Each structure stands twice: as structure tokens, then as C-alpha cells.
Amino acid sequence: MTAKDLDSLKSLPVPPPRDEAKAAAVSAALDAFDKSSGAAQASTAIVRPISPSTNSSRRSLMTLTRQQYALAASLAALVVAAPVAFHVSRTVEQDPVELSGNATPAPQVATKDELSKEKSDADKRRASSDLLTRLDAERKRAAEAEVDIAGERAPEPAASTAFASPPPPPVAAKPLAAPGLVARDATRRMEAWSSLGAIGAADSQAPYLPAQLEESRDRFMSAGVNPVKQVATDPVSTFSIDVDTASYAFVRRALNAGRLPPQSAVRAEEMINYFRYDYPAAETPAEPFKPTVTVVPSPWGADKQLVHIGIKGYELKSAERPRANLVFLIDVSGSMAPADRLPLVKNGLRMLVEDMQPDDTVAIVTYASGSGVALEPTRIADKAKILAALDGLGAGGSTAGASGIEDAYRLAAANFEKTAVNRIILATDGDFNVGLTDDSQLKDLIERKRAGGIFLSILGVGAGNYNDRLMQELAQNGNGVAAYADTLNEARKVLVEEAASTLFPIAKDVKIQVEWNPARVGEYRLIGYESRALNREDFNNDKVDAGDIGSGHTVTAIYEITPAGAAVTSVDALRYGDPAKPAATASPASSELGFLKIRYKLPASETSTPISLPITDALALPSLDAAPADTRFSIAVAAFAEVLRGSPHTGSFGYDDVVNLATPARGADPYGERSEFLNLVRLAKSAPR
Amino acid sequence: MSDDDARPDDATDEMLAGRAAAGDRRAFAVLIDRHYDRIYRLAWRWSGARDRAEDIAQEVCVKLAQSIATFRGDAAFKTWAYRLAYTTAVDHIRANQRLVTLEPSDMMALVETVHAPEAEDAVAGQDLWRAVRSLPPQQRDAVLLVYAEDLSHAEAALILGCTEKTVSWHLHEARKRLKIILDQVA
């Protein structure tokens with residue numbers, strides 16, 4: 001390494017800043033300039049940016065409240081990476097260069113510039129060097145914390161850590177050195193997470209997983225795709241519902257990038273449940289949902305049938321909805337200027353406001369280098385005022401103030417109502433300079449406020465800066481959702497559709513159990529929900545945790561069944577079994593294919609309530625075409641997931657068949673989600689194998 | 001740094017800064033406009049990512065506005081602004097170091113265990129930038145100030161708050177370390 005190599009640093013190109021960012025910076029600076037009148041005030045106005053915390057932030061990854069496949073994967077990688085990175089940072093810590101550098105307060109020397117101006121007014125010089133001294137002091141304070149930081153960098157798989165000390169491991173190779181481990185761990189962690197997957201439900205933060213649950217999950221994990229089961233030996237199927245949809249976003253991202261997603265990333269149930277289906281809803285919140293069962297011929301298996309179970313959560317009428325008291329805390333720093341950031345957030349929030357009730361209130365706080373209240377709590381009845389305040393937001397338009405997050409909590413508290421939904425929605429591209437100087441302080445604050453009934457949700461936008469881990473952690477501490485939106489449609493889905501179900505859970509720990517009638521059904525297979533399988537006895541055990549349903553949520557489960565006595569079966573019948581016996585026991589109910597049972601708890605209850613429905617011939621349709629469009633579309637999505645993940649059960653059914661099945665079933669598709677699905681199927685078809 | 005880049009038909013930085021300190025908004029606007037790119041470049045050299053550099057630069061501009069009133073003109077405005085930019089960038093980086101920046105597309109990479117995520121912009125000289133940014137902070141700062149920002153050792157010393165000798169020593173150590181790092185990359 002010669003001085004010459006290093007000389008190239010000054011000529012290496014630097015990617016230019018965006019014009020919007022510069023404009024935002026200038027306007028923020030002028031704003032601040034206008035606000036700081038007089039030297040006395042200005043001298044105290046230097047804002048300290050976030051300074052390092054001394055508290056580890058690695059706790060309770062297991063209790064994240066929202067499942068997102070990608071995040072789960074990244075978390076798993078972090079867990080794997082941690083020991084390596086920790087070792088590296090220890091080495092840094094012991095580095096004599098570093099320590100001596102930090103420990104010795106070095107005297108200042110003046111530059112030539114300064115020396116040449118030696119004669120200038122002594123007072124002025126003193127004033128200026130005061131500033132320098134203050135900056136020095138700040139810098140030293142920060143530098144002292146550096147050592148702590150080194151120990152804290154552990155969970156960071158980024159290149160900088162990998163390089164931190166000689167001999168450096170190859171860039172991030174270590175964290176990924178055990179690919180199987182990463183993948184396994186990723187899925188396992190995701191399981192743990194999804195079992196707690198209550199979205200924003202106030203009491204969903206179960207701190208542990210029942211051991212048996214974990215075991216059965218592991219077992220199913222390796223299975224990948226649910227196997228065909230024989231009713232004679234295994235007549236009961238039990239699973240937890242799942243309203244997570246992250247796998248779909250994940251698959252979409254891969255396909256849009258021109259490649260097929262890894263098969264393990266494709267979760268049929270999450271893809272099916274990404275879409276909203278118009279199943280008949282329950283009538284009252286006391287019985288929060290009712291199942292709709294349809295039996296149709298399978299489009300991919302001759303002689304087989306699909307048993308389609310659709311559940312729609314009771315949709316709280318506006319009168320029954322608790323009042324919402326929301327505070328939007330919006331990052332308006334320079335990097336928020338591009339269209340997929342602040343403008344996206346504004347549009348998303350605008351749609352949310354349109355969806356709210358007149359008595360709900362909204363306030364807006366912005367932050368960048370400082371923070372400011374852009375809108376005091378305002379009732380939705382005064383919608384024009386809210387929309388005007390939203391319109392007025394621009395990147396860089398922040399004002400110097402105390403602390404964004406404190407302002408936000410203050411406003412939420414000002415309007416606090418015990419029975420209302422009190423929530424802060426933080427929208428950012430990853431800059432958490434919300435005003436507190438310390439992450440652990442920030443988390444403590446969020447946790448404290450959660451205990452007091454004010455929750456925090458986070459909407460992430462943009463790609464470069466996006467800090468998933470911290471977002472998830474903060475949201476988790478605040479008992480909220482962390483979601484990522486890259487398009488307006490996604491922002492709408494997250495903010496508007498999911499807001500309702502997120503804000504207002506109607507049932508929790510929802511489990512499904514189907515007992516098949518051996519007289520009628522020879523074999524069955526559940527499509528998806530592999531990771532959600534429960535043991536038969538878990539169904540009645542209220543201690544076993546399961547998924548939650550929010551207001552208006554829909555959940556779909558599809559079984560593929562082979563009638564008893566079919567010529568072609570996947571599993572040979574037992575030679576020594578007693579074929580006469582099951583038929584005999586089942587004869588009293590021979591019009592029943594099976595019996596569906598659902599257990600759930602009302603949000604405030606700790607004991608479950610069962611509902612049940614016989615799956616009878618009366619629910620069977622002669623052809624798939626006779627089924628409602630939503631049913632057909634969900635079957636198409638299931639088929640797509642099966643093909644994508646290389647399931648052996650769909651035979652020669654291919655992408656074209658998926659398109660043919662889904663196209664006429666698109667329905668009204670007001671937000672273009674179903675059309676987007678069709679595009680994804682076409683992309684999958686053309687993606688390199 | 002030694003040359004003022006004030007255009008002849010324009011006031012010098014120091015004159016503008018003096019006027020801005022006295023409350024002249026326009027003078028301040030000209031100053032910010034004139035120095036934004038330089039501040040941004042410094043921020044990028046430290047952070048390696050445009051998004052972050054833009055955020056840092058905005059923060060620096062706001063801080064300049066808040067403290068311009070204390071500017072008395074005994075040091076070059078540029079040195080003064082540099083110092084503010086430098087401290088802000090370093091603080092920002094320090095605060096961000098513990099945070100994992102992963103794009104969803106990079107998460108995919110993690111699952112596939114193909115590639116390490118790259119938080120930085122992809123640019124020419126990536127390996128060199130990365131190696132430099134991975135140095136212990138003081139060595140990194142010395143290298144970036146002297147080589148990337150093209151300051152003299154004395155100027156770098158002033159900004160770093162240490163002696164010229166210490167700067168030289170940091171540079172010496174940095175070169176040794178970089179050699180090892182870059183050999184490993186190659």
C-alpha cells in the first residue's frame with residue numbers, strides 16, 4: 001500500500017447527490033437559519049445527532065409481532081454471524097492503536113490559515129475556538145463510547161465489521177459459511193415468530209413457545225410439502241390459521257427481479273392469504289367468523305376433489321370500532337425526497353385518512369435534524385385540514401424542536417382515551433434520528449408508552465437506508481407492526497387494509513381441525529400450512545398458541561382429497577388393515593366427507609370457543625367453473641405456489657394452467673392485485689430455471 | 001483547502017459568513033449552495049451510501065444555520081464547515097454502525113447464501129473505499145481527510161483534534177493495515 005494508491009481516493013468518483021436532496025437540505029438550513037435569531041440562542045442550538053447507546057439491543061428476537069420472511073432470514077443470518085463478528089470486535093477493542101488514540105487527548109494545532117490570521121481580533125478568535133472546543137468535547141465524548149460500540153457491532157453482517165481487524169475474514173463470508181444452517185435457522189426462527197404472529201393484538205406477546213409445538217414444526221419443516229395422508233391411519237388434520245402474507249411479497253420481489261424464488265421461501269398459505277376474498281362474513285362480533293366450505297373437482301388431479309375452507313373475520317362496523325387516536329411521525333430528512341419515499345408515505349396516509357371515522361383523530365409530527373408538529377390532533381371530521389397538512393409536508397421542511405418521538409407521544413397522550421386505539425405510526429426510510437440520543441433510551445420510552453397504552457407501528461420505505469432490524473425491534477417494543485412498502489399499492493394495503501385488522505383484532509389463537517370420514521375419503525392432503533401444523537391434542541389445549549384474525553381478515557385453507565375406493569391412490573392400503581371397520585363406524589353419516597371444527601378465543605378471553613360444520617355432499621359443486629370467482633382464484637394461487645415450490649402433487653399442471661384458471665376469476669380487482677398476480681405467473685414461466 | 005474557491009465576482013466565504021452571522025439570509029443561502037456539494041462529498045466518502053450522505057449533508061446544513069452566528073472569521077469558513085461536516089458524519093456513522101442495513105433484495109441473497117449484502121453504493125474503487133472505511137476510526141479519518149479530501153497534515157490535525165505527528169502516525173498504521181486488507185481481497 002503506497003501513498004500513490006491512496007492518492008487515487010481523491011479522484012475516485014463520488015455518486016452525485018440528488019437535486020431534491022440538495023434542495024431539501026438548503027430549505028431545511030434556511031428554515032433553521034430563520035429560527036435561530038441571535039448568537040446567544042444559536043450557540044446552544046447545535047443539535048447532537050443520535051449518539052451511540054451502551055446497551056445491547058439483541059433481546060427477544062423471538063417475540064416479534066409480525067412475520068416477514070425476509071426479515072426472519074436476515075435475523076437468522078445475524079444470529080449465525082454474531083459469534084464471528086463478536087470475535088472481530090474484541091480484537092479491535094484490544095488494538096493498541098485504537099486505545100492509545102482514544103485515551104490521549106491531543107493538543108490542537110493551528111493551521112496555516114489560522115496562523116496567518118493571528119492578528120485578528122482576540123475576542124473573535126476566542127468565540128470561534130470555543131466552538132471548536134465544544135465540537136472537540138463532543139467528539140471525545142463520542143469517541144469514548146467507541147469501544148463500547150465495537151463490542152456492540154456483533155450482530156452486523158455488513159462488510160465493515162468483517163473488515164474490522166486483520167486478518168480480515170473475506171467479506172461477509174463467515175456469517176454465511178454454513179448455508180444449510182442459515183436456511184434452517186431462518187425457517188425455524190420464522191416459525192417461532194409466526195406462531196406469535198398476532199398482528200398488533202394487545203396481548204399476543206407470548207414469551208415462549210410450547211416445546212411440543214416447536215418439535216412438530218421442525219418435523220414438518222423438513223417435509224417441505226405436506227404429504228398425502230391416509231384417512232384410515234391418520235383421519236384428523238390440525239393446524240393453526242395464518243394471516244401472514246410476507247411470502248407473497250418475497251416471491252413477487254424475486255420474480256420481478258427476474259428469478260425464481262427459492263422453493264423454501266414459497267409458502268402456499270401466505271400466498272393464498274395475501275388476497276382478500278369475499279366470503280360471507282359472520283353477523284355479530286360475538287361469533288367472530290363463520291367458515292364457508294366448498295367442495296369442487298380438483299383441476300390437477302382426476303378423481304380428486306378440493307375442499308375449500310374460507311373464513312372471513314367479522315368486520316367491525318364503524319360504530320363498534322374503537323375510536324382511533326393516531327399520530328403520524330414522519331421522517332422528512334433529505335433522503336426521503338424521492339417518489340418512493342415521502343410522496344409514497346403521504347399518499348398512503350391520505351388513503352388511510354379517507355378510511356377513518358369522523359371521530360378519529362390524527363396528528364402529524366415531522367423530524368429530520370430537528371422535529372416539529374405539522375398538525376395538532378385533528379378530528380377526521382375536519383378532513384380538509386388534515387389533507388392540507390399532509391400536502392404541505394416536504395423533505396427538508398423540518399423545524400428545530402425538542403424531539404420528534406417525544407412530541408409524537410405527547411400528542412398521543414393529549415388525546416389519549418383508554419378504550420381508543422392509541423397509536424403512533426412512524427414512517428421512515430431508516431433514519432431513526434427521532435430525537436432521542438440513545439437507542440436503548442428510545443426502546444425504553446417505546447416500551448413504557450406501550451405499557452401506558454400507546455402503541456407504535458413502523459412503515460418502512462425506500463431501499464438504500466432501510467433498517468429492518470431496528471424497525472422491527474422498535475415496533476415490537478411498541479407492540480406494533482413493522483411493514484415495508486415499495487409501491488403505493490403496498491402502502492395502501494399496509495396502511496388501509498391491514499390497519500383495520502391490525503388495529504382491531506376480533507379473535508385470537510384460531511385453530512382448525514378436520515376429521516375425515518374414512519367411508520368417503522381415502523386420502524387427504526392440506527395445501528400449505530406446513531409450518532403451522534399442530535398435534536391433534538393441541539386443538540383443545542388453550543395453552544397452545546395459534547394465529548389471530550383481525551377485523552375483516554380472510555383466511556383460506558384448501559385440502560385435496562381422494563374419495564374412498566378410488567382406483568388410483570398415492571398410498572397403498574394396508575394389507576392387514578380392516579377395511580370393513582371404518583366403513584361400518586362411519587355409515588351413520590355417509591353423506592359427510594368430514595367434520596370441520598374451529599376453535600378461537602375472543603380478544604379478551606383466555607378460554608376458547610368451538611364452532612363446527614359438517615362437510616357434506618350438499619357443499620359439493622359439479623364442476624370448478626360452478627364455484628365463486630374468489631374460490632377459483634384462491635385455488636389458482638394455491639396451484640401457483642405448488643408449482644413454484646416444486647410440489648410433486650400437482651402433476652403436469654403448469655403456469656399456463658394457472659393463468660387460465662385465474663384469468664376469468666379476477667373479479668373486480670379494484671387495486672390490480674390479481675392482475676399483478678397474473679404477471680407474476682408469466683414472469684415465473686419465463687424466469688431462468 | 002488552501003485556495004478559496006470564491007468566484008472573483010462574488011464575495012469570499014468569509015465575507016458571506018460574516019454577513020450571515022449578522023443575520024443576512026441571502027448570504028447564508030449562497031454559502032450553503034456553494035458548499036453543499038463539498039459537504040455531501042465528504043459525507044459520502046465516510047458513509048459510502050448516497051442516502052446516508054444526503055441525510056448527513058442536510059444535518060450539516062442545519063447545524064451551520066444554527067451556529068453561523070458564532071462564526072467570527074478568524075478561521076477559514078471552509079475549515080469551520082469542514083469540521084462540522086466531519087463531526088456530523090462521524091457521529092452519524094457511529095450511530096449507524098450497530099444498525100444493519102439490508103435491502104429486501106439482499107435478504108434474498110442471504111437466504112440463498114450467495115452474496116453478502118452491500119449497504120454501499122456500487123462505485124469504482126469499491127474495494128479500496130471499503131477497506132478504508134473498515135479501518136479503525138481514527139486511521140480511517142486521517143486517510144480520508146488527507147487523501148480523499150486532500151487536506152494537509154496540519155489541517156487534518158486541526159480537524160481531528162490531534163498533532164500533525166499523530167496524523168502521520170495514523171497514516172502510517174493505516175497503510176500497513178490496508179496493505180493486509182487489500183492483499184486479502186485480491
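This text walks through a predicted two-chain model, starting with confidence and moving on to a few helices and loops.

Let us begin with how far the model can be trusted. For the prediction as a whole, the scores are ipTM 0.78 and pTM 0.49. Chain A has a mean pLDDT of 69, with 62% of its residues at 70 or more. Its elements span a wide range: helix 10 of chain A (residues 211-223) has the lowest mean, 29, while helix 20 of chain A has the highest, 96. Residues 38-132 of chain A form a stretch with pLDDT below 50, and even so the model gives this stretch 232 contacts beyond near neighbours in sequence. A further stretch, residues 398-402 of chain A, also stays under 50, and the model has 18 contacts for it beyond four places in sequence.

Chain B has a mean pLDDT of 77, and 78% of its residues reach 70 or more. Here helix 2 of chain B (residues 25-47) has the highest confidence, at 91, and helix 5 of chain B (residues 104-112) the lowest, at a mean of 39. Two stretches deserve some care when you look at their contacts. Residues 1-9 of chain B have pLDDT below 50 and make 19 contacts beyond near neighbours in sequence. Residues 98-118 of chain B are also below 50, with 68 such contacts in the model.

With that in mind, helix 20 of chain A is a good place to start looking, as its mean pLDDT is 96. Helix 20 covers residues 629-644 of chain A, and its axis comes within 12 Å of the axis of helix 22 of chain A (residues 673-686), crossing at roughly 25 degrees. Angles under 35 degrees count as roughly parallel, so helix 20 of chain A is roughly parallel to helix 22 of chain A. The crossing of helix 20 and helix 22 of chain A is left-handed.

Which residues bring these two helices of chain A together? From helix 20 come Asp630(A), Phe633(A), Ala636(A), Val637(A), Phe640(A) and Leu644(A), and they meet Arg674(A), Phe677(A), Leu680(A), Val681(A) and Ala684(A) of helix 22. By class, this contact between helix 20 and helix 22 of chain A holds nine nonpolar residues, two charged ones and no polar ones. If you wonder about the spacing of such contact residues, a general point helps: an α-helix has 3.6 residues a turn, so residues three or four places apart point the same way.

Staying in chain A, turn to a loop. Tyr529(A) sits between strand 12 (521-527) and strand 13 (547-550) of chain A. Its backbone is worth a look, for Tyr529(A) has a positive phi of about 60 degrees although it is not a glycine. Is Tyr529(A) buried or exposed? With a relative accessible area of 1%, Tyr529(A) is buried.

Now over to chain B, which has nine helices and zero strands. Of its 186 residues, 69% count as buried. Among the contacts in chain B between residues at least 6 apart in sequence, 60% join residues at least 24 apart. One pair of residues far apart along the chain is Pro137(B) and Val90(B): 47 residues separate them in sequence, and their C-alpha atoms are 8.5 Å apart.

Pro137(B) belongs to helix 7 of chain B, and at 13% relative accessibility Pro137(B) counts as buried. The rest of helix 7 of chain B follows suit: twelve of its twelve residues are buried, so this helix is largely enclosed by the rest of the structure. Among those buried residues are Gln138(B), Arg140(B) and Asp141(B), as well as Val143(B), Leu144(B) and Tyr147(B).

Following helix 7 of chain B is Asp150(B), in the loop that leads to helix 8 of chain B. Asp150(B) is another residue other than glycine with a positive phi, near 65 degrees. Asp150(B) is partly exposed, with a relative accessible area of 44%.

Beyond that loop, helix 8 of chain B (residues 153-160) is mostly covered, with seven of its eight residues buried. The buried ones include Glu155(B), along with Ala154(B), Leu158(B) and Ile159(B). Helix 8 of chain B is then followed by Gly161(B), whose phi is positive, near 70 degrees.

Definitions and conventions. Residues numbered from 1 in each chain as written. Chains lettered and ligands numbered in written order. Predicted model: local features only at pLDDT ≥ 70, side-chain atom pairs only at ≥ 80, totals over all residues. Heavy atoms only, no water. Axes fitted to C-alpha atoms, helices over the stretch in contact; angles between N-to-C directions. Helix = DSSP H or I, 4+ residues; strand = E, 2+ residues; numbered from the N terminus. Parallel < 35°, antiparallel > 145°, perpendicular 65-115°, else oblique. Left-handed = near helix turned anticlockwise from the far one by under 90°. Contact = heavy atoms within 4.5 Å. Nonpolar A, V, L, I, M, F, W, Y, C, P; charged D, E, K, R; others polar. Buried < 20%, exposed > 50% of the residue type's maximum accessible area, 1.4 Å probe, protein only. pLDDT = per-residue confidence, 0-100.
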